[in-house]
Amino acid sequence: MKKGLLIIMSGPSGVGKGTVREYFMKDEELRLAYSISMTTRAPRNGEKDGVDYIFTTKSQFEEAIQQGKLLEWAEFVGNYYGTPMAEVEKLRNEGKNVILEIEVQGAMQVREKCPDALSIFIIPPSMEELEKRIRGRKSEPEECVQQRLAKAEREMKMVKDYKYVICNDDPKLAADIISLIIKRHMEEPSY
Ligand code: 5GP
């Protein structure tokens, strides 16, 4: 069996990566699996441990780093986020195409380790719209909203490092475009 693709999906906080992903994950032809990240951030309303994230303490996270268990990790607005390596490898060896929904520093680490990874960056229609979406979520205090917006400005400068840039004006349309991109890569002889 062919090893599955590694697909990096980045984009500023609030751009709607999760919504877009939910749409394209429904396409069974893509044989996708979502890599569940570890984080030290507190769960938001409705988020479940082991489904949305593996919620851990700072010391558990640091232990995972020291033991070399993470494919990549980064600090984002005061919290750690990282991708458990063993699970990603297991899924890819089962032939699944694995989606990593990660920020730009982590994406850089993955590209260095796995130059074949397919990378997609999702941008908002405008920075005003992004601010509206972050505020609409009502999950962070004002200070955190400001930090996320400042971070978004910096992250947007990294689009040049990605193979594809997709604007999330309409999540269903963005998802359809991503499905096509993934299918195209599944047809490549090296896949
Ligand atoms: P949030 O707190 O909004 O869920 O996530 C904050 C940022 O961290 C988002 O850009 C998200 O894509 C990113 N992120 C989530 N999981 C990981 C991970 O495992 N590694 C890295 N580097 N970033 C992650």
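**Exercise 1. Find S35 in the chain, decide whether it is buried or exposed, and list its contacts.**

Step 1: Start with the address. S35 sits in the loop that links β2 (32-34) to β3; helices (H or I, at least four residues) and strands (E, at least two) are DSSP runs counted from the N terminus. Residue numbers start at 1 along each chain as its sequence is written. You're looking at a predicted model, where local features need pLDDT of at least 70, side-chain atom pairs need 80 or more, totals for chains, interfaces and linings use all residues, and side-chain values use heavy atoms, with hydrogens and water left out.

Step 2: Check the accessibility. S35 comes out at 4% relative accessibility, so call S35 buried (under 20% relative accessible area; exposed is over 50%, partly exposed is in between; 1.4 Å probe, protein chains only).

Step 3: Look at who surrounds S35. If you skip neighbours within four places in sequence, S35 is in contact (heavy atoms within 4.5 Å) with T83, V88, V98, I99 and L100.

**Exercise 2. Work out what the side chain of T40 is doing.**

Step 1: T40 belongs to the loop from β3 (38-39) to β4 (54-55). T40 counts as buried because its relative accessibility is 18%.

Step 2: Now hunt for polar partners. The T40 side chain makes a polar contact with the side chain of N79 at 3.3 Å (N or O atoms within 3.5 Å, one able to donate a hydrogen and the other to accept it; residues adjacent in sequence count only if both atoms are side-chain atoms). The backbone nitrogen of Y80 is also reached by the T40 side chain, at 2.9 Å.

Step 3: Fill in the rest. Apart from residues up to four places away in sequence, T40 touches T56, T57, K58, F61, N79 and Y80.

**Exercise 3. Draw the four-stranded sheet and place a helix on it.**

Step 1: Write down the strand order. This open sheet runs β4-β3-β6-β5, and its pairing is mixed (a pair needs at least two DSSP bridges).

Step 2: Mark the edges. β4 and β5 (70-76) have a single partner strand each, so each has one side with no neighbour in the sheet.

Step 3: Zoom in on one pair. β3 and β6 (residues 79-84) are antiparallel and joined by two bridges, and T39 faces Y81 of β6.

Step 4: Add the helix. α3 (residues 85-93) packs on this sheet, in touch with β5 and β6, at about 35 degrees to β6 (axes are fitted to C-alpha atoms, for helices over the stretch in contact; angles between N-to-C directions run from 0 to 180 degrees).

**Exercise 4. Do the five-stranded sheet, including the helices that lie against it.**

Step 1: Here the order is β2-β7-β1-β8-β9, an open sheet with parallel pairing. β2 and β9 (164-167) are its edge strands, and each pairs on one side only.

Step 2: Get the twist. Ignoring direction, neighbouring strands are turned by 25 degrees against each other on average.

Step 3: Take β8 (residues 118-123) and β9 as your sample pair. They run parallel with four bridges between them, and I122 has I166 in β9 as its bridge partner.

Step 4: Bring in α1 (17-25). α1 packs on this sheet and touches β1 (6-10), β2, β7 (97-101) and β8, pointing at about 170 degrees to β7.

Step 5: Now α3 turns up again: it lies across β1, β2 and β7, at about 150 degrees to β7.

**Exercise 5. Look into the phi angles of V77 and K138.**

Step 1: Recall the background. Most residues other than glycine have a negative phi.

Step 2: Take V77, in the loop between β5 and β6. V77 isn't a glycine, yet its phi is positive, about 45 degrees. V77 is partly exposed because its relative accessibility is 21%.

Step 3: Move on to K138, in the loop between α5 (127-137) and α6 (142-156). K138 isn't a glycine either, and its phi is about 50 degrees, also positive. K138 has 74% relative accessibility, so K138 is exposed.

**Exercise 6. Describe the surroundings of S179.**

Step 1: S179 is part of helix α7 (residues 171-186). Its relative accessible area is 8%, so S179 is buried.

Step 2: Beyond its neighbours within four places in sequence, S179 contacts F24, D27 and L30.

Step 3: Compare sequence with space. S179 and E29 are 150 residues apart along the chain, while their C-alpha atoms are 9.2 Å apart.
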